[in-house]
Amino acid sequence: MSHLWPNDLMSYSENKFAILFDKQRANQFNIGKTSYKTRIKKLKKLKHALEHTYKQDIRDALYKDFKKPQLEVDLTEIYPVIDEIKYVCSQLKSWLKREQVGTPLAMLGSSSYIINEPKGVCLIISPWNYPINLTFGPLISAIAGGNTVILKPSEMTQNTSSLMARIVSDLFDENEIALVEGEVETSQALLELPFNHIFFTGSPAVGKIVMKAASKHLASVTLELGGKSPTIIDDSANIEKAVSKIIFGKFMNAGQTCIAPDYVLIDEGIKSKFIMSFKKQIDTFFTEQPDSSDAYSRIVNSKHFRRLIDSLEDSKNRNSTIESGGETNQSDNYIEPTLISDLDNESQLMQEEIFGPILPIKTYKTLEEAVEYINSKEKPLALYIYSKNKTNINFILNNTRAGSTCINHNLLQYLNHNLPFGGSNNSGIGKSHGYFGFLEFTNQRSLLKQHTLGAVDLLKPPYTNWKQKIVDLTIKWF
Ligand code: NAD
């Protein structure tokens with residue numbers, strides 16, 4: 001099969017990608033025809049590689065990239081992928097079965113089915129903040145669906161991306177699964193190709209670029225995006241526990257987590273209690289010198305470090321109060337876990353996704369006011385509620401929209417493969433994990449099979465009065 005553009009219109013790399021794409025396109029029906037057993041074999045090969053062969057290499061690469069602690073690598077990069085593979089392997093046989101569905105009486109003589117057929121040739125573009133998890137996670141769903149895949153990980157975590165390239169080429173033929181390394185231009189060149197499905201994880205700004213590119217070929221998209229995830233704490237909440245869980249969720253990966261609590265919205269009567277508890281507990285997590293703690297990551301690069309420093313500068317200029325933390329070290333891209341209050345709504349920290357270890361705390365007088373504030377912004381990827389009050393919890397749930405909500409904890413909703421994971425509008429389109437991820441990478445093809453002459457066959461022209469009567473009766477009774 002030849003590619004779609006004349007050679008002189010393409011650069012060398014575009015040409016290279018088009019050739020790779022064509023190989024996969026030519027091979028897609030071979031892969032699409034594979035049984036659930038063959039797909040499970042592939043998934044188990046990947047599982048073994050991550051759990052055994054490359055486990056230490058993964059830990060080393062992520063430490064080199066941004067000093068990610070080993071336990072966090074195991075818990076947030078390796079475990080979710082292994083868990084997803086186990087779950088998909090246990091379900092795949094039933095997901096691939098042709099599903100018989102009902103057929104209306106008016107269509108008597110037919111039977112109806114749904115076939116989950118592969119989308120075809122897929123592109124997965126992943127971010128740097130959980131590179132293993134967010135590259136291999138969607139790959140599991142793509143393999144389960146019977147697709148060929150080109151993976152493009154982030155250029156910002158170079159050590160991990162190169163390692164993933166090695167893993168993929170060790171395990172798979174490139175006409176089935178290939179990983180392409182490179183800068184933004186690489187993504188842009190890949191996005192020119194007529195993929196059948198594009199699964200993108202990253203920022204809303206780049207998500208819009210991806211969706212625009214996909215529209216050229218009407219490729220379907222899954223967009224796993226980001227944004228500001230609010231955390232509401234009402235006056236019934238257990239503050240000590242809430243603070244402990246928020247510190248865990250916010251400062252894991254140095255705050256570079258799409259579903260980390262972005263800011264706290266707290267009943268004004270308990271603000272000082274929260275701050276006191278935060279100051280008391282933060283040292284037990286990371287010691288008095290978090291820069292020496294082996295449980296604390298760094299900011300991924302100097303560009304993101306600068307972005308965060310600028311937002312701290314901006315908030316200082318607006319007379320905010322640093323309640324805890326605030327130390328930084330440019331040579332190491334280090335920012336201390338920081339709690340900051342008295343921010344005005346126009347500050348960068350309250351306007352943009354923070355994606356770093358800075359936690360703003362904002363008070364509210366009434367829950368209505370808190371909900372109104374949240375609804376004045378884009379729909380969040382996650383919304384967290386700390387409360388023991390059922391009426392308050394229901395009020396928040398019924399009056400806000402979000403991709404996911406966790407009550408009295410955070411991040412955990414991500415780990416349950418029975419729950420769809422994703423955002424809504426600005427925080428994302430489509431879902432991942434478990435069956436929901438499998439659905440993104442398959443087309444639900446309708447199949448209707450006629451066995452005997454049906455009622456519809458009696459209604460061909462010429463249209464007579466008795467045929468009109470049958471139609472009238474059908475509308476009335478069936
Ligand atoms: P990003 O959008 O800058 O980059 C993501 C990927 O897109 C990278 O592979 C990059 O090479 C590519 N890219 C960047 N600019 C591009 C362009 N102009 N054209 C084509 N491709 C381009 O995101 P990031 O900085 O890697 O990750 C942080 C963002 O991702 C945050 O907004 C975060 O909330 C979000 N995120 C979301 C999830 C989720 O599951 N919803 C998970 C992790 C991160």
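**Salt bridges and a domain contact**

The side chains of Lys67 and Asp332 meet in a salt bridge, 3.4 Å from N to O.

Trainee: Why is the Lys67 and Asp332 pair called a salt bridge?

Mentor: Keep in mind that this is a predicted model. The cut-off is 4 Å from a Lys or Arg side-chain nitrogen to an Asp or Glu carboxyl oxygen. The N to O value for Lys67 and Asp332 is 3.4 Å, so the pair qualifies under that 4 Å limit.

Trainee: What else does Asp332 pair with in a salt bridge?

Mentor: Arg298, with the closest N and O atoms 2.7 Å apart. Asp332 is in the loop between strands S11 and S12 and Arg298 in the loop between H10 and helix H11, so their pairing ties together parts 34 residues apart in sequence. Through shared partners, salt bridges join Lys67, Arg298 and Asp332 into one network.

Trainee: What makes Arg298 buried and Asp332 partly exposed?

Mentor: Buried means under 20% relative accessible area, and partly exposed runs from there up to 50%. Arg298 comes in at 4%, so it is buried. Asp332 has 24%, so it counts as partly exposed.

Trainee: How do you know that Lys365 counts as exposed?

Mentor: Exposed takes over 50%, and Lys365 has 59% relative accessibility, so it counts as exposed. Glu268 has 43%, so it is partly exposed. These two also form a salt bridge, at 3.9 Å from N to O, and that value is within the 4 Å limit.

Trainee: Which parts does the Lys42 and Glu176 salt bridge tie together?

Mentor: Lys42 lies in helix H2 and Glu176 in the loop between helix H6 and strand S5, so the pair ties together parts 134 residues apart in sequence. Their N to O value is 2.5 Å, and both Lys42 and Glu176 are buried. The structure holds 19 salt bridges.

Trainee: How many salt bridges are there between domain 1 and domain 2?

Mentor: Just 1 salt bridge. There are also 13 residue pairs in polar contact between the two domains, counting pairs with both residues at pLDDT 80 or more. On the side of domain 1 that touches domain 2, H4 gives the largest share, 8 residues. That side divides into 12 nonpolar, 8 polar and 8 charged residues.

Trainee: How much area do domain 1 and domain 2 bury between them?

Mentor: About 2,400 Å², with 55% of it on carbon and sulfur atoms. Phe66, Trp128 and His433 supply 23% of the area that domain 1 buries against domain 2, more than any other three residues.

Notes. Residues are numbered from 1 along each chain as its sequence is written. This is a predicted model: local features need pLDDT of at least 70, side-chain atom pairs count only at pLDDT 80 or more; totals for chains, interfaces and linings use all residues. Side-chain values use heavy atoms; hydrogens and water are left out. Buried area is the accessible area (1.4 Å probe) that two parts lose on being put together, summed over both. A polar contact is a pair of N or O atoms within 3.5 Å; within protein, one must be able to donate a hydrogen and the other to accept it, and residues adjacent in sequence count only if both atoms are side-chain atoms. Helices (H or I, at least four residues) and strands (E, at least two) are DSSP runs, numbered from the N terminus. Ala, Val, Leu, Ile, Met, Phe, Trp, Tyr, Cys and Pro count as nonpolar, Asp, Glu, Lys and Arg as charged, and the others, Gly among them, as polar. Buried means under 20% relative accessible area, exposed over 50%, partly exposed in between (1.4 Å probe, protein chains only).
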